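Let's take a friendly walk through the inside of this protein. Have the sequence and model open as you read.

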Amino acid sequence: MLALATGAGAGLAVLAGAFIVYHWVLRARLRRSIRAEGSAVVILLRNGVLVDCTPGVAEMLERRNVDGLEWEELRHDLLLRFPGIPPDPPEGVTRLAAAGDPDSALTLVQRDGLLRVTIEASAHGPGHLHHLLQIRTRYDYMQRAMDAAPNPVWQLDERGQLMWSNAAYDQLVEIVGPRAHADGPFDLPALAPGEIRTSRVHLVGPDGKPLWFEVTSRPDRDGWLNFATSIDTLVDAEMAQRNFVQTLTKTFAHLPIGLAVFNRDRLLVLFNPALVDLTNLPVDFLSAKPDLFTFFDHMRENRLMPEPKNYASWREKLADVISAAREDRYNETWTLPSGLTYRITGRPHPDGAVAFLMEDISAEISLTRHFRSELEMTQSVIDCFDDSVAVFSRLGVLTFSNAAYRTRWDCDPDSAFAEITIIDATRDWQQECEASPIWAEIRDFVLTLRERSAWDAVVTTRTGERLRCTVEPMPGAATMVRFTRMDTVHAVRTEALAAPS
C-alpha cells in the first residue's frame, strides 16, 4: 500500500504542478485581457489595506470584490506571477519582472504608508484571444481532474500559508475544521531546501475517530506541494495484526511447550516464556530478533542440542532442518547430556515463516522406559511358568502369550503377518487335540459382552497327554486361557495331601 501511495503521490505531483502553471498563466492572460493594450493596472493601499484601484482588478484577481483587501492577500494572489514580491515592501521604488515574461513588470512605490502597486504588460498579437481560450480549456480540464482526485492536494508558500488546494482538501477542512493547526488541518514539520519527506499524520474526525493519512511533501518554486493519501485501511490492518499477535502471545504464555516463530527473513519474531525456561537463553537476546542460525548456534553453545560430530557440516544440516520444517516433516528427539529429552517439531507458517515447537518429554520418556521395563519383567516371569498362557482382547485378538504357549502350540505371534484371533487359536488347538465341544464354548466366552464366570475342562491331545483348560475373565473384557498338564496338577495335589497337618 505504501508503494501505491508513493506512486499515486508522484502522479499527483506532476498533475498538480502542471495545473498550477496553467492556472497562473491563465490568470496572467486574463489580467492583461481586461485592460486596453499598453495600459497598466494600478492598486493603492494605505497602511496595508486597499483604498483605490483601476477598474477590473477584482476580475483580474478572480475575486467578487476587493473592498478591504489587505496586502498579504494581494501578495498571495500575485506571488506566483511575480515570485520576488517581498513580504514587507521597503520604502522607495521596487521593480520586479514577471516569471517567464520579461516584458511584464510589477512596480512597488511606498512612501509614508501609501503603497502604489503598478502592473504593466506588453501588447499581444491578433491570436492572443484564441490562445487564451485554449489555455482556458486546458485549465478547465485540469481543474476538474484535480477536484475529482480522491486525495487532498495543496500548496503552501515559503511562510506556510495556503496558496492553492483541490476539492478533496477543502472537503477535509470542512470535516475536521481549518484551525487544527496553523497551516490547516495537517501539522507538517518544516522542510529543508530540496528535501522530500513522507509523514504519517492522523486527524480527529467529528465523531472522534482518527483519520490517518500519509503525506508526501516536496519543494516547489514558490513553496511546497503536499499530497495526502488515506491509509485508514492500512492502519486498521496493522492494528488488527498487532492485536492478533498480542492475543497469540498471551495465549502461548501459558503453554508448557516452547514456541519460536521465524519470519520469511529467518528472524525470530515471536516466542513464549516456556522457550526461555527450556533453553535458558537470555530474554534480551531473544527480544533482539536473532536470525535462525544464531539462535541454534546459541542452543549448541549452551549444550541444549546434540553436539554435531562435524561442525563444518552443521550449517548444511541446519539448512536441511529449515527445509524439512517448511515442508512440515521435521520431527526429532534430542537426548541432551544433562539427561533431559526434548522433542523438536518444525511447522510451516504463511508467507514463508517457520515455527519450531520445543517440548520437554523427559518425564514421558522416563515413564515409558519404566513401563517397558515392567513389561519385560512381567514377560520374563510368566515365561518361567510351565502352564501355557494366552490372553485375548474383547475383540478376540491375541495380545499376550508366554514361552510355554508358543512352544506347545507352535505359535509365534510376533512374526505373524496378521493378527491372531480366537478363531485362529481354537482351530490350532482343535487340530492338536481330540474332539471336544469346549472350543466353540471358548469362542463364545471370549466374544460375549455379558457377565462371565471362570470355568475349566479337560482335553486330551492326539499324543495322549491330558490338559486342564482354564478360561477366566480379565479386566477390560479380556479373557485368559491357560493349559495345565494333568500330571502336574496330580503331583501338586499329592504333595499337598502328604504335607503334615
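What follows covers the nonpolar cores and then a cavity.

This is a predicted model, where local features need pLDDT of at least 70, side-chain atom pairs count only at pLDDT 80 or more, and totals for chains, interfaces and linings use all residues. Residues are numbered from 1 along each chain as its sequence is written, and side-chain values use heavy atoms, with hydrogens and water left out.

The largest nonpolar core has 26 residues. Such a core is a set of buried Ala, Val, Leu, Ile, Met, Phe, Trp, Tyr and Cys residues joined through side-chain atoms within 4.5 Å, and buried means under 20% relative accessible area with a 1.4 Å probe, protein chains only. L286, F295, M299, W334 and F356 have the most contacts inside this core.

These elements each supply at least two of its residues (helices, H or I, have at least four residues and strands, E, at least two, as DSSP runs numbered from the N terminus):

| Helix or strand | Residues |
|---|---|
| β11 | 258-262 |
| α7 | 273-279 |
| α8 | 283-287 |
| α9 | 292-301 |
| α10 | 314-326 |
| β13 | 330-335 |
| β14 | 341-348 |
| β15 | 354-360 |

The largest share, four residues, comes from α9. A second, separate core of 24 residues includes L45, V66, L78 and I119.

Which residues line the second largest cavity? They are A260, L275, F295, F296, I344, F356 and M358. A cavity is a set of points on a 1 Å grid over the protein atoms alone where a 1.4 Å probe fits but cannot get out, and lining residues have an atom within 4 Å of a point. By class, this lining has seven nonpolar, no polar and no charged residues.

Note on methods. Buried means under 20% relative accessible area, exposed over 50%, partly exposed in between (1.4 Å probe, protein chains only). On a 1 Å grid over the protein atoms alone, a cavity is a set of points where a 1.4 Å probe fits but cannot get out, and a pocket is an open set with protein on both sides within 12 Å along at least five of seven lines; lining residues have an atom within 4 Å of a point. Ala, Val, Leu, Ile, Met, Phe, Trp, Tyr, Cys and Pro count as nonpolar, Asp, Glu, Lys and Arg as charged, and the others, Gly among them, as polar.
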